[in-house]
Amino acid sequence: MIGGAVEGLLLVGRPLMDGRMSLFGAEAVWLAPLTQGALFGILAVGYLVLGALVGPLRTPKVAVPFWTALAAFSLVSHFDHIHWAGGLMLAGGLGVASGRAAGARTAQVAARTLFGGGAAIVLAATGQWASGMWAERAALARLPSGAAVGPNVLLLVLDTVRAWNLGWYGYGRPTTPLLDRRVEQGVVFDRALAPAPWTLPSHASIFTGRYPADLSAGWVTPLDGAAPTLAEVLAQAGYATGGFVANYRYAGASTGLSRGFSHYDDYPATLFEGLRMLGLSRKVLRNGSLAEWLAQHRLFESKYAEQVNREFLDWVDARTGRPFFGFINYIDAHAPYLPPAPYDTMFNPAADRERLSEQYVAGVERAFGRGPIPGGLLTEYLDGYDGSLRYQDAQIDSLLNMLARRGRLANTIVVLTSDHGEHFGEHGLVQHGNSLYLPLLHVPLVVLAPGRVPDGFRVEAPTSLTNLAATILDLAGVSNRSIPGRSLAKLWGPDSAVVVADTLLAAVDWHRALGRFPPSPLLEGSLRSLLVDSLHYIRRSDGIEELYNLGRDFLERQNLVGIPQYRPALLDARRRLEAATRGRPGPAATR
């Protein structure tokens with residue numbers, strides 16, 4: 001338990017000391033020692049059986065060094081720069097030293113540790129739960145009452161969902177039959193663009209109305225408190241704010257996205273989450289067959305839509321008398337594309353979950369972009385992705401139905417979008433975070449708000465999700481002086497032509513990996529892009545530029561940079577991008 005407690009403190013404290021975000025919740029402080037105690041308790045049963053056969057194993061001079069060394073090796077395993085052999089030697093030395101220190105007082109020390117440590121775990125867990133409840137109640141008590149009659153707001157972010165695979169954008173497969181009917185009752189944006197090709201910076205931009213280049217959020221750095229968030233502004237207007245995230249690795253509270261929410265559900269306090277924290281169990285869980293089984297059941301770093309829906313509805317049921325702002329992040333469409341039955345075989349009856357998870361765990365996807373993509377496997381991944389969308393479609397429709405039965409939907413503004421898309425072979429790439437091409441930037445955006453938006457209206461103008469926060473505040477009637485961006489509500493108003501002309505400059509997209517890059521033949525550093533009407537301009541970190549006419553080449557196959565007739569457009573796009581990002585570090589253009 002002492003070893004587990006040290007590991008928990010290391011997981012939470014070490015990133016903070018390095019100026020990074022922790023990929024684990026504060027639960028690690030008590031969940032890690034609890035899980036370590038349970039794990040060692042199971043191992044102790046086998047040790048007792050073996051000790052009955054080998055007497056010396058029961059003596060303190062053998063038992064204490066063995067268990068201490070095992071706990072120390074689990075701790076040392078968190079330091080990747082230490083070779084496993086060196087880690088064993090270091091752990092063994094600590095074990096021998098602890099055996100000498102314990103001496104004849106072993107039983108007394110063990111008893112005190114067991115009861116004292118157990119009490120500390122209970123107090124830590126209870127304290128975290130109580131402090132969370134107190135903090136939420138205190139936050140609600142501080143809210144003004146002036147907005148008690150305002151509309152509810154529900155923001156649904158479908159992690160890793162690209163517009164290309166959704167029915168209401170013309171996809172051939174029935175991936176969203178239920179939502180296809182619902183979106184006819186609202187406004188659909190045909191050319192909505194995400195501000196970044198992966199989760200954290202895109203969410204940060206959605207919440208703050210600022211481009212990722214202006215924010216601190218990166219691969220290892222959280223969103224800081226410099227820019228006000230949508231949740232903070234709505235809370236100041238009297239809204240109860242609750243966030244419910246399935247992608248708790250890159251949308252959890254430690255990323256900074258929870259700022260402004262009085263309630264935030266992210267990391268689950270489960271046995272499997274505890275095992276993910278411990279160095280010793282992580283080594284075991286990376287074993288091929290076990291890792292494949294875990295991948296099949298998606299037991300790590302994600303929650304199914306059904307679970308986050310239940311968390312949200314439980315929270316809504318306890319909130320009456322004031323409007324709510326609910327944010328839900330779904331991750332069902334994220335790799336390894338293994339939805340629950342029957343959706344896993346909906347578009348491929350012969351789909352083999354075991355084989356697909358084996359391929360995923362084996363790291364086949366890491367080879368994508370560095371060689372030929374196995375076409376059959378890529379097709380199966382796309383089948384699983386579409387099945388995940390079908391599952392998500394059913395769950396979102398169910399959520400909205402349950403809100404309607406509670407009488408809460410009619411007065412709720414529902415915004416459905418995505419943080420980024422996914423590659424399935426386009427440009428020789430898979431997954432995301434590795435380009436600024438349309439498969440990653442073109443995302444769904446739908447606004448459902450009876451009486452506040454027209455039915456069946458489609459916006460063809462290009463729009464950036466950086467305008468989403470301003471749009472939500474406008475629709476909710478909340479005064480906004482702190483979040484930039486233009487309300488997209490004007491795109492269906494009488495002055496839409498003027499706003500359209502403005503919006504053409506709105507998609508300045510930025511990707512910065514801070515030393516860590518996903519597999520890609522082109523991503524060696526930062527990328528920026530700009531959409532000017534139908535021209536998509538991309539500048540790579542090595543200075544290479546790309547220009548595509550989306551009106552004629554939606555798949556971005558022909559780079560127009562070297563074509564003389566597009567030279568003026570290239571110079572104009574280069575000038576606009578430099579003006580929009582002046583003063584920010586980034587790639588320089590090739591002249």
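How do the residues of the lining of the second largest pocket divide into nonpolar, polar and charged? Keep that in mind while you look around; the answer comes in point 2.

1. A word of caution to start with: what you have on screen is a predicted model. With that said, here is a quick tour, beginning with the pocket and the helices around it.

2. The second largest pocket has a volume of about 1200 Å³. Its lining is made of 32 residues, and Met1, Trp67, Thr68, Ala110 and Thr113 are the ones closest to the centre. As for the opening question, the lining splits into 23 nonpolar residues, eight polar ones and one charged.

3. Where does that lining come from? Helix 1 (2-17), helix 2 (28-53), helix 3 (60-76), helix 4 (84-102) and helix 5 (106-142) are the elements that each give two or more residues. Helix 2 gives the most, with 10 residues, and it is a good one to follow next.

4. A general point before the helix pairs: the angle between the axes and the distance between them are what describe two packed helices. For helix 1 and helix 2, the angle is about 145° and the axes are 7 Å apart. The crossing here is right-handed. On the helix 1 side, the contact uses Gly3, Gly4, Ala5, Glu7, Gly8, Leu9 and Val12, while helix 2 brings Ala28, Val29, Ala32, Pro33 and Gln36. Sorted by class, this contact holds seven nonpolar, four polar and one charged residues.

5. Helix 2 also packs with helix 5: their axes come within 9 Å and cross at roughly 145°. This crossing is left-handed. Look for Trp30, Pro33 and Leu34 of helix 2 meeting Ile121, Ala124, Ala125 and Gln128 of helix 5. The contact has six nonpolar residues, one polar and no charged. Pro33 is worth clicking on, since it takes part in the contact with helix 1 and also in the one with helix 5.

6. Now to the sheet. It is open, has eight strands with mixed pairing, and follows the order 4-3-5-1-6-9-2-10. Why is one side of strand 4 (263-265) and of strand 10 (457-464) left without a neighbour in the sheet? Both stand at the edges with a single partner strand each, so there is no second strand to fill that side. On average, neighbouring strands are turned by 15° against each other, direction ignored.

7. Zoom in on strand 6 (residues 412-417) and strand 9 (residues 445-448): the two run antiparallel and are joined by four bridges. One of the pairings to find is Thr417, whose bridge partner in strand 9 is Leu445. Helix 17 (residues 468-476) packs on this sheet, where it touches strand 1 (152-158), strand 6, strand 9 and strand 10. The direction of helix 17 makes about 165° with that of strand 6.

8. Last stop, the loop between strand 5 (324-330) and helix 13 (353-361), which holds Pro336. In general, most peptide bonds are trans, and most residues other than glycine have a negative phi. Against that background, the bond joining Ala335 and Pro336 is cis, with omega about 20°. Pro342 lies in the loop between strand 5 and helix 13 too, and the peptide bond from Ala341 to Pro342 is cis as well, with omega near 0°.

9. Which residue of this loop has a positive phi although it is not a glycine? That would be Tyr337, with a phi of about 55°. Tyr337 sits between strand 5 and helix 13 in the loop, so have a look there when you check the backbone.

Notes. Residues numbered from 1 in each chain as written. Predicted model: local features only at pLDDT ≥ 70, side-chain atom pairs only at ≥ 80, totals over all residues. Heavy atoms only, no water. Pairing = 2+ DSSP bridges. Axes fitted to C-alpha atoms, helices over the stretch in contact; angles between N-to-C directions. Contact = heavy atoms within 4.5 Å. 1 Å grid on protein atoms, 1.4 Å probe; cavity = no way out; pocket = protein on both sides within 12 Å on 5 of 7 lines; lining within 4 Å. Points joined across faces, edges and corners; volume = space filled by probe spheres on them. Nonpolar A, V, L, I, M, F, W, Y, C, P; charged D, E, K, R; others polar. Left-handed = near helix turned anticlockwise from the far one by under 90°.
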